[in-house]
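Visitor: Please choose one part of this structure, take me through it slowly, and then set it among its surroundings. I would like each term explained with its cut-offs as it comes up.

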Amino acid sequence: MNKKVVTRFAPSPTGLLHGGNYRTAVFAYLFAKKEGGEFIVRIEDTDKERSKKEYEDNIVETLEWLGLTEDRRFRQSEHVARHTKELERLIKNGAAYVSKEEAVTEGQRSEVIRFKNPNVEVTFKDVIRGEITMNTTDLGDFVIARSLQEPVFHLAVVVDDADEGVTHVIRGEDHISNTPRQILIQRALGYSTPLYAHLPLVLGSDRTKLSKRRGARALTEYRNEGYLPSALINYLAFLGWHPEGEKEIYSIEELVEAFTLERIQKSAGIFDEVKLSWFNHEHMKLLSDDVFLAVLQMHMKGKGVIPSYLTKVLPLLRERAATFAQAVSFMESGEFSFLDDSVTHTRELLLQNGKLDASFTSAHLQAVRGLLAELSNEAFTSEKIKNAVFPYATEAGRGAVLWPLRTALSGKEKSPDPFSIASILGKEKTLRRIEEAAKIL
RNA sequence: GGCCCUAUCGUCUAACGGUUAGGACGGAAGCUUCUCAAGCUUUAAAUCGGGGUUCGAUUCCCCGUAGGGUCACCA
């Protein structure tokens, strides 16, 4: 029986995390769950100066929102006692030493703890890239702690990973060069070396590592803009990984089922918002009407009144909006306000800026009105309305009939099709609007 | 610059030595209900270069080139 798989996501709470950071979490989570193992979240807060509680809270909340539920979570600072103990052991072993030095920059200590570099070649197996060998000589005696109580990254990582039984270190490619250092510490402490999987980097459109400084957006922004967590997970999982087959829309459960480290890409990928929004639209389409409505209303909170026609317009909204923010803005900008309010007709619009003849148009509108008047209230559906109007429109010229009809109903240059609008308005309103339009011609 | 990683359409990717190099996003065109959106159909678009190995290289090896990462008392 192999050891239970344990992976970890180890962000430092020094800022808001972007898509690349969370992509790492997605992979670590999917792999752990696929293997029936555990997923740990470790907040790496050894840098007291820069770590902020608000960032930690944001990370924890966002992971929860994404559905990347951790089995255990802790702060690195909570484990300082262990770090100190191992630090003392290293010093006693002669593997590390207290080094007196001049403080060159402000805040530097005159005394730090350095690891005695044995200057050897370190080879490790990377699950994604195969064997990687590096000479550690040029690393020198690197700093592993500012003091016995203040461990620095490498030491803390090694001790915590070992203590928590981490079997697979899944992290960004930018950590490859840190790995030999950490392996050296592991060996000095008598730990075994976990398996490493260094993920290809997520790049911005400028082809450099995603970073807040270079304008990478925090993932929480996407959350606020009404992206669905399932879509984000799906997109992130597909950035640098691909299951077998050509299916692309996956639920998180399906991703867990399909996930393998072997199919992870070696080369970096660019974060593409356009494709992300396609994923989001696809996931929005999968939502039931009830859920869609609930999410939409959540996003509309505090953004004015919820229009009474909201439920009626749902199908139109669903096909138009790729995000909930977009859906909200459709509502706010009055994209569909003509469904509630009265419309003001103008000759220019009804006649398509003079392209149509006034008397013909008037006649067409009257004729269509006549056809619709024969439909019962129950039969006033998009489908039936179309069937009633279409033969006439085809006969008389679709553009000549449908444009005036649609603008008579919507009062707008661009809108959904006239049949949908009519069915939402209902028979009475529809007939009235057609009459009003015909009157001004 | 040293060290390390990488290299298939614009982008995400498939093809574990033999395919007309496939799919998706985006683009273009057409169709569907006049406009917008969605949908459907069609279409353009790629193996970085050079050497090997092999009957045969996108695939394996080497050398270039290009891109990226990393060289902190940050993680």
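Guide: A residue is called buried if 20 or more other C-beta atoms lie within 10 Å of its own, exposed if 12 or fewer do, and partly exposed in between, with C-beta atoms placed from the backbone. Helices (DSSP runs of H or I, at least four residues) and strands (runs of E, at least two) are numbered from the N terminus. What you see is a predicted model, in which local features need pLDDT of at least 70 and side-chain atom pairs count only at pLDDT 80 or more, while totals for chains, interfaces and linings use all residues. Residues are numbered from 1 along each chain as its sequence is written, and chains are lettered from A and ligands numbered from 1 in the order in which they are written.

The part I have chosen is strand S1, residues 6-9, which is covered on both faces: Val6 and Arg8 are buried on one side, and Thr7 and Phe9 are buried on the other. Strands of a sheet pair through backbone hydrogen bonds, either parallel or antiparallel. Two strands count as paired here if DSSP finds at least two bridges between them; S1 and strand S2 (residues 38-43) run parallel and are joined by four. Within this pairing, arginine 8 has isoleucine 40 of S2 as its bridge partner. Together with helix H1 (residues 19-34), S1 and S2 form a right-handed β-α-β unit, where right-handed means that, with the strands pointing away from the viewer, the path from the first strand over the helix to the second runs clockwise.

Following the chain onward, lysine 52 sits in the loop between S2 and helix H2 (53-66). Lysine 52 counts as partly exposed because 13 other C-beta atoms lie within 10 Å. From lysine 52 to leucine 63 the C-alpha distance is 17 Å, for a sequence separation of eleven residues.

To set this part in its surroundings, chain A is divided into domain 1 (1-70 + 200-286) and domain 2 (347-439), with bounds that come from an automatic or database domain assignment. The C-alpha centres of these two domains are 49 Å apart. Chain A has 18 helices and 13 strands in total, and 34% of its 441 residues are buried. Its C-alpha trace spans about 100 × 50 × 35 Å along the principal axes. The radius of gyration is 31 Å, whereas a compact globule of 441 residues would have one near 22 Å; the radius is taken over C-alpha atoms, and the globule rule is 2.2 Å times the number of residues to the power 0.38.

Elsewhere in the chain, S4-S5-S8-S9 is the order of an open sheet of four strands with antiparallel pairing, whose edge strands, S4 (96-100) and S9 (150-151), each pair on one side only.

Finally, RNA strand B is surrounded by 60 residues, of which Ser12, Glu44, Phe153, Ser267 and Asp417 are the closest; a residue is near a molecule or strand if its C-beta atom, placed from the backbone, lies within 6 Å of it. Helix H16 gives the largest share of this surface, five residues. The surface residues divide into 20 nonpolar, 14 polar and 26 charged, where Ala, Val, Leu, Ile, Met, Phe, Trp, Tyr, Cys and Pro count as nonpolar, Asp, Glu, Lys and Arg as charged, and the others, Gly among them, as polar.
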